[in-house]
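Here are my notes on the model, point by point. Please read them with the structure open.

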Amino acid sequence: MLVNHVDYKTGALRDMAALTQKAHAAGALIAWDLCHSAGALPIDLDGCHADFAVGCTYKYLNGGPGSPAFVYAARRHHGHIEQPLSGWWGHARPFAFDTGFAADAGIRKFLTGTQPILALRSLAGALEVWEGVDMTALRSKSLALTDLFIQLVEARCGGYGLTLETPRNGACRGSQVSFRHENAFEIIRALIERGVIGDFRAPGTMRFGFTPLYLRYRDIWSAVDALVDILRGGAWRERRFALRSAVP
Ligand SMILES: *Cc1c(COP(=O)(O)O)cnc(C)c1O
């Protein structure tokens with residue numbers, strides 16, 4: 001089974017150790033989707049006995065859109081798993097140019113064609129920033145930022161129809177906060193115009209991601225200032241904010 005470590009919509013963080021154990025007890029294997037947790041909080045795949053994991057590098061890892069994805073497979077599975085997409089870089093001897101396909105015995109079997117070197121080079125630049133970063137400290141900052149955002153929005157935007165969708169308990173939350181509102185789409189558009197970049201997810205979710213590496217507490221204050229202003233003045237009602245485009 002495939003499970004999102006952090007739910008992309010609500011921001012709920014799932015208990016990796018407990019769910020992995022449950023899956024194994026039921027005779028299932030588990031693959032974790034780390035798209036919203038890689039770079040946002042400490043992750044211990046080996047310690048949780050996870051089977052597989054996938055993730056992208058363009059969210060909290062800052063690789064930028066088009067940045068390569070990653071895959072994890074526990075060593076105990078390497079010998080017997082099959083990668084259905086066979087490509088020459090997954091071959092046991094890619095430079096032997098054999099006519100038949102013999103998959104590499106280890107994790108390299110997951111490779112397919114030639115790696116996108118240009119994209120990997122820019123990803124390497126994005127990852128350099130992480131050198132020496134203490135993930136426990138990063139997690140504390142992330143929780144402080146999301147706690148502050150929840151606290152400020154609830155204190156300053158009460159009466160405007162916002163409902164918290166993210167777990168209030170920090171231990172059950174990733175690094176994002178979602179609020180529900182009837183006019184979530186228009187409000188997000190109005191915020192983006194003011195430099196506060198959030199997402200809209202149908203039917204009515206406003207999703208805010210917090211990158212603890214470089215977001216400051218004052219950025220949270222400014223974001224909430226903008227939200228208060230849009231709600232109080234009703235700027236989101238301008239017709240242009242209701243226009244839909246390919247990337248919502
Ligand atoms: C961003 C994201 C992905 C990554 O998808 P790509 O095809 O790599 O862009 C996967 N799953 C979830 C839940 C995501 O949010």
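1. Burial first. The protein chain has 248 residues, and 44% of them count as buried (under 20% relative accessible area; exposed is over 50%, partly exposed lies in between; 1.4 Å probe, protein chains only). This is a predicted model: local features need pLDDT of at least 70, side-chain atom pairs count only at pLDDT 80 or more, and totals for chains, interfaces and linings use all residues. Residues are numbered from 1 along each chain as its sequence is written, and side-chain values use heavy atoms, with hydrogens and water left out.

2. Overall fold. The protein chain has five helices and eight strands (DSSP runs numbered from the N terminus: helices are H or I with at least four residues, strands are E with at least two). Their order along the sequence is β-α-β-β-β-α-α-β-β-α-β-β-α. Along the principal axes, the C-alpha atoms fill a box of roughly 70 × 40 × 35 Å.

3. Contacts and surface. Take the contacts between residues at least 6 apart in sequence: 62% of them join residues at least 24 apart (contact means heavy atoms within 4.5 Å). The exposed surface of the protein chain is about 13,400 Å², and carbon and sulfur atoms supply 57% of it (Shrake-Rupley method, 1.4 Å probe; for residues, only the protein chains shown count as cover).

4. Charges. The protein chain carries 27 positive and 23 negative charges, and their mean positions are 4 Å apart. Lys and Arg count as positive, Asp and Glu as negative; His and the chain ends are not counted. Each charge is placed at NZ of Lys, CZ of Arg, CG of Asp or CD of Glu.

5. Ligand site. Which residues surround the ligand? They are Asn4, Asp33, Cys35, His36, Tyr58 and Lys59 (one heavy atom within 4 Å is enough). Three of these residues deserve a check at the atom level. Tyr58 places a polar side-chain atom 2.4 Å from a ligand oxygen atom. For His36, the corresponding distance to an oxygen atom of the ligand is 2.6 Å. Asp33 has a polar side-chain atom 2.8 Å from a nitrogen atom of the ligand. The ligand taken alone exposes 390 Å², of which the protein buries 55%.

6. His5. This residue sits in the loop between strand S1 (2–4) and helix H1 (16–25). His5 is buried, at 5% relative accessible area. The side chains of His5 and Ser37 share a polar contact of 2.8 Å (a pair of N or O atoms within 3.5 Å; within protein, one must be able to donate a hydrogen and the other to accept it, and residues adjacent in sequence count only if both atoms are side-chain atoms). Beyond four places in sequence, the residues that His5 touches include Trp32, Asp33, Leu34 and Ile43. Asp33 thus appears twice, as it is also one of the residues around the ligand.

7. Arg173. Is Arg173 buried or exposed? Arg173 is buried, with a relative accessible area of 0%. Its place is the loop between strand S5 (163–164) and strand S6 (176–180). The side chain reaches two backbone oxygens: that of Pro167 at 3.1 Å, and that of Arg168 at 2.7 Å. Leaving aside residues up to four places away in sequence, Arg173 also touches others, among them Gly11, Leu13, Arg139 and Asp147.

8. Cis peptide. Ala202 and Pro203 are joined by a cis peptide bond, with omega about 0°. Pro203 lies in the loop between strand S7 (199–201) and strand S8 (205–209).

9. Positive phi. Two residues that are not glycine need a look. Asn62 has a phi of about 65°, and lies in the loop between strand S3 (52–55) and strand S4 (70–73). Asn62 is partly exposed, at 27% relative accessibility. Phe97 has a phi of about 50°. Phe97 belongs to the loop between S4 and helix H2 (117–128), and is exposed at 59% relative accessible area.

10. Gly198. This glycine lies in the loop between helix H4 (184–193) and S7. Gly198 is buried, at 7% relative accessibility. Gly198 and Ile188 are ten residues apart in sequence, and their C-alpha atoms are 6.1 Å apart. Outside four places in sequence, Gly198 is in contact with Ile188, Ile192, Arg207 and Phe208.
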